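Biologist: Let's skip the grand tour. Could you pick one part of this model and walk me through it closely, along with whatever sits around it?

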Amino acid sequence: MRVVQFNEFGGMGALRLEDAAAPSPGAGEILIRVMAVGLNFFDTLMLRDKYQFSPKLPFSPGGEIAGVIEALGEGVTGLEVGQRVAAFIGGNGCRELVVTDATNAVPIPDGVSDEAAAGIIITHGTALHAFKDRADLKAGESVAVLGAAGGAGVAAVELAKLMGARVIAVASSEEKLAFAKSHGADEGIDYNEADLKQTLKDLTKPNGVDVVYDCVGGDAAEPSLRATAWEGRYLVIGFASGKIPRIPLNLVLLKGCEIVGVFWTSFAAREPDKHRANTAQLFAWVRDGKLKPHIHATFPLEETAKALSLIEDRKVTGKVIVNPQS
Ligand SMILES: NC(=O)c1ccc[n+]([C@@H]2O[C@H](COP(=O)([O-])OP(=O)(O)OC[C@H]3O[C@@H](n4cnc5c(N)ncnc54)[C@H](OP(=O)(O)O)[C@@H]3O)[C@@H](O)[C@H]2O)c1
């Protein structure tokens with residue numbers, strides 16, 4: 001089978017299209033023919049060995065996949081050959097065939113495309129976990145999303161809107177803000193141009209922002225925290241800016257607010273039943289037309305580096321997908 005992988009850490013040049021032996025499922029596992037792989041910002045970090053852990057080499061990008069079950073390992077029940085499923089696998093997705101634990105599979109309902117299923121697991125999954133399980137977001141509250149046009153950001157915009165919030169998109173250009181608005185944001189702030197703290201405060205007078213969803217970190221973090229409401233929640237999602245902010249803790253005391261860590265990967269591993277239920281809920285919303293995940297572009301397997309470069313160069317709105325069968 002064809003695989004895109006890297007044998008040493010580096011930039012896009014380290015990625016190679018290679019042949020590898022087709023895997024077969026062991027007990028409790030399934031073999032999936034991969035139709036779509038969702039790429040994420042963390043794939044670019046893993047390639048450069050800048051992620052929270054170092055992947056074992058050789059390694060393929062792609063932590064979320066959708067496809068068709070080709071074979072069942074011994075003891076697998078409740079799934080069948082030919083069934084369409086999606087799975088979070090952490091990595092090694094950019095290949096024609098994947099073996100994974102059967103417990104990772106979530107059936108894809110009719111009416112949900114492979115691209116949408118693969119692209120929704122992590123980004124929308126993180127947003128749903130963050131708003132529902134971590135922030136207890138209530139209809140009518142205000143939510144500011146930093147990096148609102150990226151994969152994680154636009155998913156948060158869509159989810160917050162679906163949950164009845166008033167959504168303020170924060171991004172680096174008018175085009176990105178227009179894109180976030182087309183996915184449900186009520187207002188937009190260009191943080192390259194505006195005074196972020198003051199504009200957030202003005203938009204959410206007199207209380208301030210109830211929930212901040214921060215995918216960016218860096219210089220945007222403290223002004224956003226300073227604009228939060230009494231008993232607000234500041235959700236720490238990621239540091240796409242490359243800078244981990246240091247926050248004066250007196251702000252948390254003065255606002256009676258919470259800084260809440262959100263680590264979806266750990267959540268999915270620690271609470272698999274809840275994770276599968278959340279994913280099934282997201283698929284149902286897509287099927288019912290309540291969520292419309294945006295696919296920026298789909299690339300064939302041999303153009304995986306091009307797909308990842310788009311993410312690294314900050315050019316993506318929504319998700320980038322690789323189709324290993326094309
Ligand atoms: N905690 C979790 O469980 C979890 C789950 C998913 C993702 N994440 C994290 O969330 C962050 C965003 O992920 P993503 O997949 O949405 O990435 P993405 O699609 O590339 O979006 C990242 C956004 O960050 C902004 N940004 C600011 N400085 C940047 C820089 N130097 N390079 C690249 N982007 C920059 C960009 O928006 P502007 O141009 O508008 O500034 C971009 O749209 C990452 O740090 C990722 O690891 C965390």
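Modeller: Let's start at the ligand, and with what "near" is going to mean: a residue is near a molecule or strand if its C-beta atom, placed from the backbone, lies within 6 Å of it. Keep in mind that this is a predicted model, where local features need pLDDT of at least 70 and side-chain atom pairs count only at pLDDT 80 or more, while totals for chains, interfaces and linings use all residues. Numbering starts from 1 along each chain as its sequence is written.

On that footing, the ligand is surrounded by 30 residues, and G150, A152, G238, A240 and W264 are the closest. Two or more shell residues each come from α1 (41-47), α3 (123-134), α4 (151-162) and α9 (264-270). Helix α4 gives the largest share, three residues. Element names here are DSSP runs numbered from the N terminus: helices are H or I with at least four residues, strands are E with at least two. Sorted by class, the shell holds 16 nonpolar, twelve polar and two charged residues. For that count, Ala, Val, Leu, Ile, Met, Phe, Trp, Tyr, Cys and Pro are nonpolar, Asp, Glu, Lys and Arg are charged, and the others, Gly among them, are polar.

Where does the ligand lie relative to the domains? Domain 1 (2-122 + 267-323) and domain 2 (138-262) both contribute to its shell, so the ligand lies between them. The domain bounds come from an automatic or database assignment.

Now to the strands. There is an open sheet of six, in the order β10-β9-β8-β11-β12-β13, with parallel pairing. Its edges are β10 (187-190) and β13, each of which pairs on one side only. On average, neighbouring strands in this sheet are turned by 20° against each other, ignoring direction. "Pairing" means DSSP finds at least two bridges between the strands.

Follow the sheet from β8 and you get a nice chain of contacts. Strand β8 (residues 142-146) runs parallel to β11, joined to that strand by four bridges, and V143 sits opposite V211 of β11. Strand β11 (residues 209-214) then pairs with β12, again in the parallel sense, over five bridges. Here V211 turns up again, standing opposite R233 in β12. Helix α7 (residues 221-226) belongs to a right-handed β-α-β unit with β11 and β12; right-handed means that, with the strands pointing away from the viewer, the path from the first strand over the helix to the second runs clockwise. On we go to strand β13 (residues 258-261), which pairs with β12 in the parallel sense over four bridges, with G261 in β13 as the bridge partner of V236.

How is β12 placed within the structure? Seven of the nine residues of this strand (residues 228-236) are buried, so β12 is largely enclosed by the rest of the structure. Buried means 20 or more other C-beta atoms within 10 Å of a residue's own, exposed means 12 or fewer, and partly exposed is in between, with C-beta atoms placed from the backbone.

The lead-in to β11 deserves a look too. T204 lies in the loop between α6 and β11 and is buried, with 21 other C-beta atoms within 10 Å. T204 is 63 residues from E141 in sequence, yet their C-alpha atoms are 9.9 Å apart in space. P206 is also in the loop between α6 (196-203) and β11, and the peptide bond joining K205 to P206 is cis, with omega about -5°. Ahead of β8 there's another backbone oddity: D136, in the loop between α3 and β8, has a positive phi of about 50° although it is not a glycine. With 11 C-beta neighbours inside 10 Å, D136 counts as exposed. For context, most residues other than glycine have a negative phi, and most peptide bonds are trans.

One more oddity to check while you're at it: L57 and P58 are joined by a cis peptide bond with omega about -5°, and P58 is found in the loop between α1 and β4.

Definitions and conventions: Axes are lines fitted to C-alpha atoms, for helices over the stretch in contact, and angles run from 0 to 180 degrees between N-to-C directions.
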